[in-house]
Amino acid sequence: MDANNKEERPPNPRSKANIFEIITFSWILKLVKKGLKKELDVIDLYTILDEDSSALLGSKLKKIWSNELKNATKKNKKPSFLKALFRMFGLKLIIYGVYLAITDMVFR
């Protein structure tokens, strides 16, 4: 894929989705239906949300990793990249896991 090829992609509907649409993932149904009818191309995919941009996530991870290095040095321990990743994404993964477990129990 050519990085300089900036084609206009549709805006991400998740940015304007209400809580019901977010919980049920119904904001993505239009893309799923399109994917069922034809093979999706890059131009069919939504733009990236600001909070999901690699620059933002990279700088956040860099800050967390720096703190992990400082704490490991203070405690004379080996730094753990897994701990840094858990600090960055752990709460979100736990929430999604609980949600999936509940929906799995309810709908089975």
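A residue counts as buried when its relative accessible area is under 20%, as exposed when the figure is over 50%, and as partly exposed in between. Keep that scale at hand for the exercises below, and remember that this is a predicted model.

**Exercise 1. Describe the overall build of the protein: what are its elements, and what share of the residues counts as buried?**

Step 1. Start with the elements: the protein has four helices and zero strands. Along the sequence they give the pattern α-α-α-α.

Step 2. Turn to the dimensions. The radius of gyration is 19 Å, while a compact globule of 108 residues would have one near 13 Å. Along the principal axes, the C-alpha atoms fill a box of roughly 55 × 45 × 25 Å.

Step 3. Apply the opening scale to the chain: 14% of the 108 residues count as buried.

**Exercise 2. Find the aromatic pair: which residues form it, and what is its geometry?**

Step 1. Searching the whole structure gives one aromatic pair. Its partners are W65 and F81, with ring centres 5.4 Å apart and planes at 75 degrees.

Step 2. Classify the geometry. Planes over 60 degrees apart count as edge-to-face, and the pair of W65 and F81 is indeed edge-to-face.

Step 3. Place the partners. W65 belongs to helix α3 (residues 54-74) and F81 to helix α4 (residues 81-107), so the contact ties together parts that are 16 residues apart in sequence.

Step 4. Check the exposure. W65 has a relative accessible area of 25% and is partly exposed; F81, at 41%, is partly exposed too.

**Exercise 3. Work through the salt bridges: how many are there, and which residues are joined into one network?**

Step 1. The count is three salt bridges.

Step 2. Take E68 and R87, whose side chains meet at 2.6 Å, N to O. Since E68 lies in helix α3 and R87 in helix α4, this bridge ties together parts that are 19 residues apart in sequence. E68 is buried at 4% relative accessibility, whereas R87 is partly exposed at 49%.

Step 3. Next comes D44, whose side chain meets that of K34 in a salt bridge of 3.2 Å, N to O. D44 sits in the loop between α2 (29-37) and α3, and K34 in helix α2, so the pair links parts that are ten residues apart in sequence. D44 also forms a salt bridge with K38, where the closest N and O atoms are 2.9 Å apart.

Step 4. Compare the exposure of these partners: D44 is buried at 8%, while K34 is partly exposed at 36% and K38 is partly exposed at 39%.

Step 5. Put the shared partners together: K34, K38 and D44 are joined into one network.

**Exercise 4. Relate the UniProt annotation to the model: which residues are listed as "transmembrane region", and what is their secondary structure?**

Step 1. An unreviewed UniProt entry lists residues 84-102 as "transmembrane region".

Step 2. Read the model over that stretch. Residues 84-102 are 100% helix and 0% strand, and the end C-alpha atoms are 27 Å apart.

Step 3. Look at the surface. F86, I94, V98, I102, M105, V106 and F107 form a nonpolar patch with about 780 Å² of accessible area together.

Step 4. Zoom in on one member of the patch. I102 is in helix α4, and its relative accessible area of 44% makes I102 partly exposed.

Conventions: Residues numbered from 1 in each chain as written. Predicted model: local features only at pLDDT ≥ 70, side-chain atom pairs only at ≥ 80, totals over all residues. Heavy atoms only, no water. Phe/Tyr/Trp six-rings, centres within 6.5 Å; stacked < 30°, edge-to-face > 60°. Helix = DSSP H or I, 4+ residues; strand = E, 2+ residues; numbered from the N terminus. Buried < 20%, exposed > 50% of the residue type's maximum accessible area, 1.4 Å probe, protein only. Patch = residues over 30% accessible without salt bridge, like charges linked within 9 Å, V, L, I, M, F, W, Y side chains within 5 Å. Areas by Shrake-Rupley, 256 points an atom, 1.4 Å probe, with all protein chains shown as cover. Salt bridge = Lys/Arg side-chain N within 4 Å of Asp/Glu carboxyl O. UniProt positions renumbered as here; feature names shortened; annotations may be inferred. Rg over C-alpha atoms; globule rule 2.2 N^0.38 Å.
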